[in-house]
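Notebook open, structure loaded. I want to go through the strands, the helices and the aromatic rings, and jot down what I find.

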Amino acid sequence: MKEILDKVGFISDMDGVIYHGNRILDGVLEFVNWMIDNDKKFVFLTNSPEKTPHELSMKLERMGLSVSADHFYTSAMATAEFLHTQKPGCTAYVIGEAALTKALYDHNIYMNDVNPDYVVVGETRTYNFEKIEKAIELVNKGAKLIGANPDITGPTEKGVMPATGSLIAPIEIATGKKAYFVGKPNPLMLRHGLKKLNCHSNEIAFIGDRMDTDIIAGIESNIDTVLVLSGVTSMETIDNFPYRPKYIVNGVGDLIKKEK
């Protein structure tokens with residue numbers, strides 16, 4: 001464990017690691033304060049495209065945790081950056097929340113429901129059949145299908161709820177076109193995190209709660225992985241996967257307990 005705590009910095013998932021819904025998890029406050037007190041670099045990397053960094057900062061502030069907006073990087077931001085590098089000045093039809101649209105606007109990618117270059121899907125609570133129909137029509141006309149993340153479900157205070165992978169599935173099935181997913185386990189996300197921290201992969205530990213997105217992303221990016229059991233994955237389900245994290249703890253607070 002000392003090897004992990006001696007790292008220059010940490011990249012951490014949020015849902016299931018830092019909080020569930022609007023409830024901060026045990027040990028998180030102590031762990032974040034430990035990172036600050038020990039001058040560790042850190043960034044919260046979330047597959048959720050629903051909130052901007054400022055909104056995430058405000059959310060943690062309401063839970064009693066003060067973290068500035070520059071410590072967050074979302075799949076919405078990664079999606080916008082990816083599309084901008086692929087086709088600068090492109091247009092998109094978006095099924096998602098305002099944070100996803102804002103991230104696209106920030107890269108000069110504008111909305112188009114007639115002949116867009118891309119159909120982009122992220123988590124949203126305004127999902128409806130009319131939007132699915134429009135997305136199917138546009139993809140059939142040649143728009144490329146992009147998912148902000150591949151998560152089928154995500155943890156909330158109400159339990160496990162559908163995420164982008166579930167929302168985009170009807171469009172994939174109806175069009176016969178597979179989406180390209182930008183969020184974890186796509187190594188693009190972790191590379192953005194490393195770039196943001198100005199660190200090399202061997203200087204960082206990645207903390208996550210999902211084997212299928214977090215841990216595999218860390219392994220494929222050659223980053224030491226810490227699996228927390230405070231989110232989706234349990235000890236019983238770890239063996240369902242052909243790979244393992246380097247460390248397993250109940251929650252991020254256990255990292256500090258081990259140090260003590």
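Entry 1, a bridge to begin with. I looked up Phe44 and found that its bridge partner in β5 is Phe72. This is a predicted model, so I keep that in mind for every entry. The two strands concerned are β4, residues 41–46, and β5, and they pair in the parallel sense over 3 bridges.

Entry 2, the sheet around that bridge. I traced an open sheet of 6 strands, in the order β5-β4-β1-β13-β14-β15, and its pairing is parallel. At the edges I have β5 (72–74) and β15 (247–249), each pairing on one side only. Neighbouring strands here are turned by 20 degrees against each other on average, with direction ignored.

Entry 3, strand β13. What covers its faces, I wondered? On one side I listed Ile204, Phe206 and Gly208, on the other Ala205 and Ile207, and all are buried. That fits the count for β13 (residues 204–208), where 5 of 5 residues are buried. A general reminder to myself: side chains in a regular strand alternate between the two faces of the sheet.

Then I checked the partners of β13. Strand β1 (residues 9–12) pairs with β13 in the parallel sense over 4 bridges, and Phe10 stands opposite Ala205. Strand β14 (residues 224–228) also pairs with β13 in the parallel sense, over 4 bridges. There I noted Ile207 opposite Val226.

Entry 4, helices. I went back to β4 and β5 and found helix α4 (residues 75–86) lying across them, running at about 60 degrees to β5. Next I asked how α4 and α5 cross. The axes of α4 and α5 (residues 98–105) come within 8 Å and cross at roughly 35 degrees, and the crossing is right-handed. For the contacts I wrote down Ala76, Met77, Ala80 and Leu83 from α4, which meet Ala99, Leu100, Ala103 and Leu104 from α5.

Entry 5, another sheet. I found an open sheet of 5 strands, ordered β7-β6-β8-β9-β12, with parallel pairing. The edge strands are β7 (110–111) and β12 (180–181); each has a single partner strand, so one side of each is left without a neighbour in the sheet. Inside the order, β6 (residues 91–95) and β8 (residues 118–121) run parallel and are joined by 4 bridges. I looked up Ile95 and it stands opposite Val121 in β8.

Entry 6, rings. I pulled the aromatic pairs and the count comes to 8. Are Phe31 and Trp34 stacked or edge-to-face? Their ring centres are 6.0 Å apart and their planes sit at 15 degrees, so I filed the pair as stacked, the cut-off for that being under 30 degrees. Both residues lie in helix α2 (residues 28–37), 3 residues apart, about one turn of the helix. Phe31 and Trp34 are both buried. Phe10, from the β1 check above, joins Phe31 and Trp34 in one aromatic cluster.

I compared that with Tyr105 and Tyr110. Their ring centres are 5.6 Å apart with planes at 45 degrees, so this pair goes down as tilted. Tyr105 is partly exposed at a relative accessible area of 39%, and Tyr110 is partly exposed at 43%.

Last look: Lys59 and Tyr19. I found Lys59 over the face of Tyr19, 4.1 Å from the ring centre.

Methods. Residues numbered from 1 in each chain as written. Predicted model: local features only at pLDDT ≥ 70, side-chain atom pairs only at ≥ 80, totals over all residues. Heavy atoms only, no water. Phe/Tyr/Trp six-rings, centres within 6.5 Å; stacked < 30°, edge-to-face > 60°. Buried < 20%, exposed > 50% of the residue type's maximum accessible area, 1.4 Å probe, protein only. Lys NZ or Arg CZ within 6 Å of the ring centre and 35° of its normal. Pairing = 2+ DSSP bridges. Axes fitted to C-alpha atoms, helices over the stretch in contact; angles between N-to-C directions. Contact = heavy atoms within 4.5 Å. Left-handed = near helix turned anticlockwise from the far one by under 90°.
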